[in-house]
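Biologist: I'd like a close look at one spot in the chain, and then a walk outward from there into the packing around it. Take your time and keep the pieces connected.

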Amino acid sequence: MGIRDLFLQVMKTYLQEKRERFSKEQPVFQLVTKVIPQAIEQLPFILKDRYMIKGSVGQGVWTDVPWVAIMNKEVTTSTQRGYYIVYLFSDDMSKLYLTFAQGVTETPKEEMIRINQEIRQTIPMSGNVKKDDEIDLGESKKAKEYKTSVAAYISYSVDAMPSDERLWHDLQQMIGYYEKYVEIKMNMKPISESHSYETIVNHIHSYISGKGFYYTKEEVANLFLSLKTKPFVILSGISGTGKTKIVQWLAESVGATEENGRFTLIPVRPDWNDGSDLLGYVDIKGEFKAGPLTKVVLEAEQNQEEPYFVLLDEMNLARVEHYFSDVLSVMESRRWENGKIVSSKLLPKEIAGRDIYLPANVYIIGTVNMDETTHPFSKKVLDRANTIEFNRVQLDHLDFLKELKQVEPMKLSQEAFAAKYLHLKDVYQRYPHVVERATSELVKVNTYLQPLGAHIGYRVRDEICFYLACNEEGKLMEFENAFDHCLLQKILPRVSGSDARVQRALEQLFTFCTGIELNGEYDALLDFTYAKYPKSADKILHMLRRLADDGFTSFWIGS
């Protein structure tokens, strides 16, 4: 079937299928997201290593305006940003437009209008290409949003669809105009332009791999997203898995080292019992003696364009709530003022001689081991951090002994790690579908956890949405994969106990993750690799087995 017939099939069936429940099994879903992109990929002028082809009929609900985009990977890999070629179907399915357009999600309207004018004035276009604002995608909200994004277009009608040959000719012509503009913009691009999330993650992963420890790219992406969500992350796991090293190398990979003062390792002592050990104190002479964290804060305050990384090594050798509560409280006070993130006072002038605040460019990562020498975490701490577990060990990974290429550090500014969201409404304005989908899942989770008193509150919900929004922006993982990490890091660490309620809640969570009912049988070899949330399911099964064997369970190995 040619592309002409594929387009017509969408236009003649979409409105009918849209009345039915959204499903990836629907024929029109397969047409727009798979069949048409694959047909375009086969064209001789579409270079597979240069272009990404993606189609969409919506995420979870049918969109009013389906689309199929052709993106130059050097420009963008997401239709939410940048500029690209995209087929847009009108919301009444009477018209199809081949357009030179922009991402509406992350481009302010004024900037979009400016770029449209720049494209129209810079690139000569001929034939049936129109460079005006008269495109008619319909009256729906999505149609009006997309109309603003279009710089140039070719219009086709369902009643007069041209031949395959003409459609391909038009597409090749429009891509030619697109590439001319790409060439112009690439020559104008400043060297300091910010890197995409994918580029940052790939670099950090390559740098760490060259050091000889094995972490998957997804693990690095998860750590990056966790830091971008909130500047406090806990790394847990058995001793010797490289928790300290991954933090040191992540910092080093982006130009932050002990030598330049932007990476600081602070070993936690068992006798720390209040904030003075970390932040500082007034001595017998009445002089303020800055603690190790305050020294970093003061330097970061003077250099707010650079990220500073603090590693609290073995942070639960002392009770975290005793020495770290002031910092946690200040983190919760963060807010927007004049486009910048500000916080409440970390130390008042009565103690430090002047008011000291926690700058947004300080990132704190704590490593923890769970054994007889350490203290457990309260829900207050767990609510305020992503807890990433490093227990996977692959001893036979020996590639680093085989002249693995060493990667040079790439200096990144604070912008690469800076938080984008502090309030749920910030996320909802950009990604309402992410908030609604995540909240729907969390409501189900809360029904299982409520009998234990372990259900989550607004803070955890919001921070999960922040994480998912950053992932959506960077397109680092599918939604299910990202939510799996959130379930594992923000919710399961709260579950512990020894009674039947814990067992029931964990079994319900396992079914939620996999669709499989355990019924008290935990030793069977279950294949849930393709489950909805496989990482969380694997952890839950381990917790259930421990409950059966020991009469007690928790998230923490060794506790």
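Modeller: In this predicted model, alanine 531 sits in the loop between helix H19 (500-514) and helix H20 (534-550). Is alanine 531 buried or exposed? Its relative accessibility is 16%, and the cut-off for buried is under 20%, so alanine 531 counts as buried. Leaving out residues up to four places away in sequence, alanine 531 touches Cys513 and Thr514, and those two numbers fall within the range of H19. There's also a link back along the chain: the C-alpha atoms of alanine 531 and glutamate 480 are 9.7 Å apart, with their positions 51 residues apart in sequence.

Glutamate 480 takes us to H18, since its number falls within residues 479-491. How do H17 and H18 pack? Their axes are 10 Å apart and make an angle of about 145 degrees, and the crossing is right-handed. From H17, the contact uses Val460, Glu463, Ile464, Tyr467, Leu468 and Asn471. H18 answers with Phe479, Ala482, Phe483, His485, Cys486, Gln489, Lys490 and Ile491. Sorted by class, that contact has 9 nonpolar, 3 polar and 2 charged residues.

Some of those H17 residues turn up again around threonine 229. This threonine lies in helix H7 (residues 217-229), and with a relative accessible area of 2% threonine 229 is buried. Not counting residues up to four places away in sequence, threonine 229 touches Glu463, Phe466 and Tyr467, as well as Arg334 and Asn386.

Follow Phe466 and you get to aspartate 426, in helix H15 (residues 424-430). Aspartate 426 and phenylalanine 466 are 40 residues apart in sequence, yet their C-alpha atoms are 9.0 Å apart. With a relative accessible area of 18%, aspartate 426 is buried too. Its contacts, neighbours within four places aside, are Trp336 and Tyr421.

Now for the nonpolar packing. The largest nonpolar core has 86 residues, and Phe232, Met315, Phe324, Ile364, Phe377 and Leu468 have the most contacts inside it. Which helix gives the most to this core? That's H17 (residues 458-474), with 8 residues. Another core lies apart from this one, with 65 residues, among them Leu43, Tyr83, Leu88 and Phe100. Back in the largest core, phenylalanine 232 touches Met315, Phe324, Leu328, Met331, Ile364, Val381, Arg384, Ala385 and Asn386, again without residues up to four places away in sequence. Asn386 is a shared partner here, as threonine 229 touches Asn386 as well.

One more helix pair is worth setting beside H17 and H18. Helix H6 (residues 197-209) and helix H8 (residues 243-253) have axes 9 Å apart, at an angle of about 120 degrees. Why call H6 and H8 oblique? Roughly perpendicular covers 65 to 115 degrees and roughly antiparallel means over 145, so about 120 degrees leaves H6 and H8 oblique to each other. Their crossing is right-handed. On the H6 side you'll find His203, Ile204, Tyr207 and Ile208, and these meet Ile246, Trp249, Leu250, Glu252 and Ser253 in H8. The class count for the contact of H6 with H8 is 6 nonpolar, 2 polar and 1 charged.

Note on methods
Residues numbered from 1 in each chain as written. Predicted model: local features only at pLDDT ≥ 70, side-chain atom pairs only at ≥ 80, totals over all residues. Heavy atoms only, no water. Helix = DSSP H or I, 4+ residues; strand = E, 2+ residues; numbered from the N terminus. Buried < 20%, exposed > 50% of the residue type's maximum accessible area, 1.4 Å probe, protein only. Contact = heavy atoms within 4.5 Å. Core = buried A, V, L, I, M, F, W, Y, C linked by side-chain atoms within 4.5 Å. Axes fitted to C-alpha atoms, helices over the stretch in contact; angles between N-to-C directions. Left-handed = near helix turned anticlockwise from the far one by under 90°. Nonpolar A, V, L, I, M, F, W, Y, C, P; charged D, E, K, R; others polar. Parallel < 35°, antiparallel > 145°, perpendicular 65-115°, else oblique.
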